[in-house]
Amino acid sequence: MMLLCRPSQSLAQTYLLRPDRIFDGETTHEGWVVRVKGDKIEAVGSANSVAADGAEVVDLKGQTLVPGLIEGHSHLLLHPYNETPWDDQVLKEARSLRVARATVHAEKTLLAGFTTVRDLGTEGADYDDVGLKQAINQGIIPGPRMIVVTRALIATGSYGPKGFSTDIDVPQGAEEADGHDALIQAVRRQIGKGADAIKIYADYRWGLMAEARPTYTVDEIKLIVEVAKSSGRGVVAHASTAEGMRRAIVGGCETVEHGDAGTPEIFALMKQHGTALCPTLAAGDAVSQYRGWKKGQEPEPDRIKQKRVTFKQALDAGVTICAGGDVGVFSHGDNARELVMMVDYGMKPLDVLRSATSVNADVFHLANRGRLKAGLLADLVAVEGDPTKTIADLHRVKTVMKGGIFYKR
């Protein structure tokens, strides 16, 4: 039976899932089973140690059961730039259109086995991620659990559609705020509107030269972090330059997104401060192809070669690696593309699986998911094959359960 995004049972249902093996978020176990009752995992262990009484047995022969995957960097309100450029999405697409499209993106993401997403900015769609999250939580539409940052914060003049007359003020794609009082108000406003975390752009391509340069000062970043932390929320930093990364790290940001121009010294600083890196390999790969690179037929562009170098430097420094592809730059539902590339760029499949489950859960403060363990949320995904050996098997999703409910079976 193939069931797509129609909950197939009441929350009180009990299941015993019997795959060939499980990956529990840390390691692999052959011949283990998982018992689910309601929306929680009731027991995990060897088949002879977990009772089947009163449970519907679900045979997952030839499959590996993993915790619901966690997408660390998504934009559900964007779609691939080769379909519509970013500027045109921000300036020419109605927000109602963008939200309608985002509901489809949410469903595709869930069916791809990603039961949680950290959605890092609405890109001009104000607080529409909050409504999308509410619609999913209320069962109005199928989709992953969402961590949202709403509008994100940018320094004045740094971020937004480029090439317009200086006489025109165009929508910026994020909220401009600078200096002590304005930054405090902006952080509090976004939290009040529903932000689970605060995102800043620590650097960007600004001015006529269009070169990436740092934006916020260290003191401004520390202020943002202090205000966010007082409400129990962390700060996420877009940063691609070494100096932008340095400021984000010493300023107290929990994760750095992209990190393209990191150096061994910067990655050592990340390790020292416990700052995690979300490398977004697939986004840079996609953008290079949109610009004309024929992947697999032509040599890798310098941008890609450099990314391989900096990613290896981060690994060598022992930096915590989050799994997040910047999905939206490329197609939603193809989220596993990032995980395949992480292996291609030097990580072991088992470490990539940890990144997409337990590591992301820990870094994002999600204590109730990311592992197969009694008492945690019953967010489970079964894939054909063994992704601990062949990471591309994550594209072969057969079963998706979120909160004890089958959305694909």
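Q: Which residue's side chain meets Lys398 in a salt bridge?
A: In this predicted model, a salt bridge requires a Lys or Arg side-chain nitrogen within 4 Å of a carboxyl oxygen of Asp or Glu. The N to O distance here is 3.3 Å. The partner of Lys398 is Glu384.

Q: Which strands does the pair of Lys398 and Glu384 tie together?
A: The two residues are 14 residues apart in sequence, so the salt bridge ties together separate parts of the chain. Glu384 lies in residues 380–384 and Lys398 in residues 397–402. These stretches are strand β17 and strand β18.

Q: Is Lys398 buried or exposed, or in between?
A: Buried means under 20% relative accessible area and exposed means over 50%. Lys398 has a relative accessible area of 34%. Its partner Glu384 has 29% and counts as partly exposed. Lys398, too, is classed as partly exposed.

Q: Which residues are joined with Arg151 into one network of salt bridges?
A: The network arises from salt bridges that share partners. One salt bridge of Arg151 is with Glu175, where the closest N and O atoms are 3.6 Å apart. The residues joined with Arg151 are Arg95, Asp126, Asp128, Glu175 and Arg189.

Q: Where do Arg151 and Glu175 lie?
A: The pair links distant parts of the chain, 24 residues apart. Arg151 is in the loop between β8 and β9 (153–154). Glu175 is in strand β10.

Q: Why does Glu175 count as buried?
A: The cut-off for buried is under 20% relative accessible area. Arg151 is at 22%, so Arg151 counts as partly exposed. Glu175 counts as buried because its relative accessibility is 5%.

Q: How many residues apart are Arg247 and Glu243?
A: These two residues form a salt bridge, with the closest N and O atoms 2.9 Å apart. Both lie in helix α6 (residues 242–251). Their separation is about one turn of the helix, that is, four residues.

Q: What is the order of the three strands in the open sheet?
A: The edge strands are β6 (69–74) and β8 (145–148), each pairing on one side only. Strand β7 (residues 114–119) pairs with β8 in the parallel sense over four bridges. The order is therefore β6-β7-β8.

Q: Which residue of β8 is the bridge partner of Asp119?
A: Strand β7 covers residues 114–119, and β8 covers 145–148. The bridge partner of Asp119 in β8 is Val148.

Q: How are α8 and α10 oriented to each other?
A: Helix α8 (residues 281–290) and helix α10 (residues 336–344) pack with their axes 8 Å apart. The angle is about 100°, and angles from 65 to 115 degrees count as roughly perpendicular. The two helices are therefore roughly perpendicular.

Q: Which residues of α10 make the contact with α8?
A: From α8, the contact involves Leu281, Ala282, Asp285, Ala286 and Gln289. By class, the contact has five nonpolar, one polar and three charged residues. The residues of α10 are Arg337, Glu338, Met341 and Met342.

Q: Which residues are in contact with Val187, leaving aside its neighbours within four places in sequence?
A: Val187 lies in helix α4 (residues 180–193). At 1% relative accessibility, Val187 counts as buried. With the sequence neighbours left aside, the residues in contact with Val187 are Leu153, Ile198, Ile224, Val227 and Ala228.

Methods. Residues numbered from 1 in each chain as written. Predicted model: local features only at pLDDT ≥ 70, side-chain atom pairs only at ≥ 80, totals over all residues. Heavy atoms only, no water. Pairing = 2+ DSSP bridges. Buried < 20%, exposed > 50% of the residue type's maximum accessible area, 1.4 Å probe, protein only. Axes fitted to C-alpha atoms, helices over the stretch in contact; angles between N-to-C directions. Parallel < 35°, antiparallel > 145°, perpendicular 65-115°, else oblique. Contact = heavy atoms within 4.5 Å. Nonpolar A, V, L, I, M, F, W, Y, C, P; charged D, E, K, R; others polar.
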